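Hi,

Here is the structure I said I would pass on. Have a look at it first, and my notes follow underneath.

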Amino acid sequence: MSQNRIYIFDTTLRDGEQSPGASLNIHEKLEIARQLEKLNVDIIEAGFPISSPAQFDAVKIISDEVNAVIAALARAKEVDIKAAYDALRSAKRFRIHTFSSTSDIHIMGKFGDARYGKNLTEKRATVIKMSQEAVAYAKTFTEDVEFSAEDAGRTDIGYLAEVIEAAIEAGAITVNIPDTTGYTFPSEYGKKIAQLKQRVKNINQAIISVHCHNDLGLAVANSLSGIENGARQVECTVNGIGERAGNASLEEIAMAIKVRGDLFDYYTNINTKEIYNSSRMVSSYTGIIIQPNKAIVGENAFAHESGIHQDGMLKDRNTYEIITPETVGVPKTKIVLGRHSGRHGLKARLIELGYTLTENELQKVYESFLTLADKKKEVFDDDLRVLMGDQSHQSEQDLYTLDYLQINMGTFSIPTATVKIKSANGYFQESATGDGAVDACFNAIERALKINSELTSYHVRSVTSGRQALGEVNVRIKKGNHFYTGRGISTDVIEASAKAYIQALNQFKIAEKMKDEESKQNSLSELSQAV
Ligand code: KIV
Ligand code: ZN
């Protein structure tokens, strides 16, 4: 094994999915995992199984279907580790990733209870013991155990070295040093990795991993500094999505390593030609838009605007281009489909874009494609991605769908909306006025379904350019202490808004139904115990 190979541990489906507003359903997670396999990442962290039944099921299904090494997260607790194992056990190769907090701030905040020790010294000793026990327990299920020292970025180096040594002694073969709060500077973070290499006597028995958050915009720089100082695994996400300001971006790390081979003698096994498809798929499924000037995958990453640059590019591309668009899989020409492209043409293009489709899914997306192609002569790749995202977001369990929408408005009249909503029990129809067309429409939906909610966010974006561009609307609503999201697309933004709002209400209704079923189940089992 070469010393200079850098392992890519992708955590888009775990840390990335913790991005505000990004919630992926099982189908979307599986599609992304398949795409990550094409991208050739070394390890896919598929989720945190103990955290919810949906997370457990997603890890399980990915373990069943995808061949890469699948990892799952677990706190340093037996129940978590057992749940991770149960979700992973069908995978061909899997890793249990367990973690404990190690900074004083975290220890005092999370382990304040006296049962963890009377003071910081005792609590620190408890954390070491818990970490060792967790690794040893995980080892009973697999050889491949990773240990993370949460908030290592703000952990005292002497104590951090003790924790890491203990984790390796217990059997961890990868030790991860997260800068959980994105607090460190590259020189500081790199030094931490170098110090661990010096101080931890069994460090050669494990791979050092870096996991950097982007709160100060330094996640990628810190990760590269970690590599320069001895780390051989990088934890990162597609498009850099993740908690708060996100994680280190996979595409930036992979391309920095590839482009600067002259300076930086390392390599990854990433298939860079799959970067663009991966980036677009993650964006359309999560609804998290890529900023235009984002390195490597932003809309403007390869656009040359000024005359001097354009002139230079025409004479010699190397004047202003350090990466060719083809290296990261940006298509050279825009492929356009239309009404006459047919089912086969559509299927072939979707496969090229990285999607896997059953016949049933193909049929559904083909119907939406025909409706779109009727309104819009040219259908671009981005339109297709949005159709796929829209289709996968609709759930079989959805109770309501928009059947009809009528808006009356003008410069001097009060906007009025009439909606007709279809459900399994028939139709609901209502009209309402509002401050604008969208408000009127939401009021009419609430009146028809007799539900109201607090709208906490509303975003519209145009998917492709032109007058007939598809509009995508994302909404987030609050009911009690819970948030629900919905997405709608249409060439008409008011219709897209209505669909998005109905979808968010569907999410709320599905959650309510699940709660009811759970409590019925609980009372039945209480009853049977009483009998
Ligand atoms: O940022 C962090 O510390 C994490 C750990 C759980 C690895 O995501
Ligand atoms: Zn993290």
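The loop between strand 5 (145–150) and helix 6 (157–170) holds D151. This is a predicted model, so please read everything below in that light. D151 is not a glycine, yet its phi is positive, at about 65°. Most residues other than glycine have a negative phi, which is what made me stop there. Is D151 buried or exposed? With a relative accessible area of 0%, D151 is buried.

R244 is another one to look at: it is not a glycine either, and its phi is positive, near 50°. You'll find R244 in the loop between strand 8 and helix 9 (250–259). R244 is partly exposed, its relative accessible area being 44%.

Back to strand 5 for a moment. Strand 5 pairs with strand 6 (residues 174–179) in the parallel sense, and three bridges hold that pairing. One pair to click on is S148 and its bridge partner in strand 6, N176. How many of the six residues of strand 6 are buried? Six of the six are, and that goes for both faces of the strand. On one side sit T174, N176 and P178, and on the other V175, I177 and D179.

Strand 1 (7–10) gives a similar picture. In a regular strand the side chains alternate between the two faces of the sheet. Here Y7 and F9 point one way while I8 and D10 point the other way, and all of them are buried. Strand 1 has a parallel pairing with strand 8 (residues 233–236) over four bridges, in which F9 has E235 as its bridge partner. Strand 1 also pairs with strand 2 (residues 43–47), again in the parallel sense, over two bridges. In strand 2, I44 is the residue that stands opposite D10.

Now the metal. Which residues coordinate the zinc ion (ligand 2)? D15 does so through OD, and H211 and H213 each through NE2, at 2.0 to 2.1 Å. Along the sequence, these donor residues follow the spacing D-x195-H-x1-H. D15 is in the loop between strand 1 and helix 1 (26–39), whereas H211 belongs to strand 7 (residues 207–212), so the pair ties together parts that are 196 residues apart in sequence. D15 counts as buried, because its relative accessibility is 4% and the cut-off for buried is under 20%. H211 is buried as well, with a relative accessible area of 5%.

Further along the chain there are two open sheets of three strands. One has the order 9-10-11, with antiparallel pairing. Its edges are strand 9 (401–408) and strand 11 (426–433); each has a single partner strand, so one side of each is left without a neighbour in the sheet. From one strand to the next, the twist averages 15°. Strand 9 runs antiparallel to strand 10 (residues 416–423), and seven bridges join them. To find your way around that pairing, start from Y404, which stands opposite K420 in strand 10.

The other sheet has the order 12-13-14, and its pairing is antiparallel too. Strand 12 and strand 14 (482–490) are at the edges, and since each has a single partner strand, one side of each lacks a neighbour in the sheet. Neighbouring strands in this sheet are turned by 15° against each other on average, direction ignored. Strand 12 and strand 13 (residues 471–479) pair in the antiparallel sense over eight bridges, and L455 has I477 in strand 13 as its bridge partner.

Strand 12 also turns up in the last item, the second largest pocket. The space in this pocket comes to about 1,000 Å³. Its lining is made up of 37 residues, and those that lie nearest its centre are Y276, R280, E299, K334 and D382. Which elements each supply at least two residues of the lining? Helix 10 (275–286), helix 14 (381–393) and strand 12 (454–462) do. By type, the lining residues of this pocket divide into 17 nonpolar, nine polar and 11 charged.

That's what I have; shout if you want to go through any of it together.

Cheers

How values were computed: Residues numbered from 1 in each chain as written. Chains lettered and ligands numbered in written order. Predicted model: local features only at pLDDT ≥ 70, side-chain atom pairs only at ≥ 80, totals over all residues. Heavy atoms only, no water. 1 Å grid on protein atoms, 1.4 Å probe; cavity = no way out; pocket = protein on both sides within 12 Å on 5 of 7 lines; lining within 4 Å. Points joined across faces, edges and corners; volume = space filled by probe spheres on them. Nonpolar A, V, L, I, M, F, W, Y, C, P; charged D, E, K, R; others polar. Donors = N, O, S within 2.8 Å, 3.2 Å for Na, K, Ca; no water. Buried < 20%, exposed > 50% of the residue type's maximum accessible area, 1.4 Å probe, protein only. Pairing = 2+ DSSP bridges. Axes fitted to C-alpha atoms, helices over the stretch in contact; angles between N-to-C directions.
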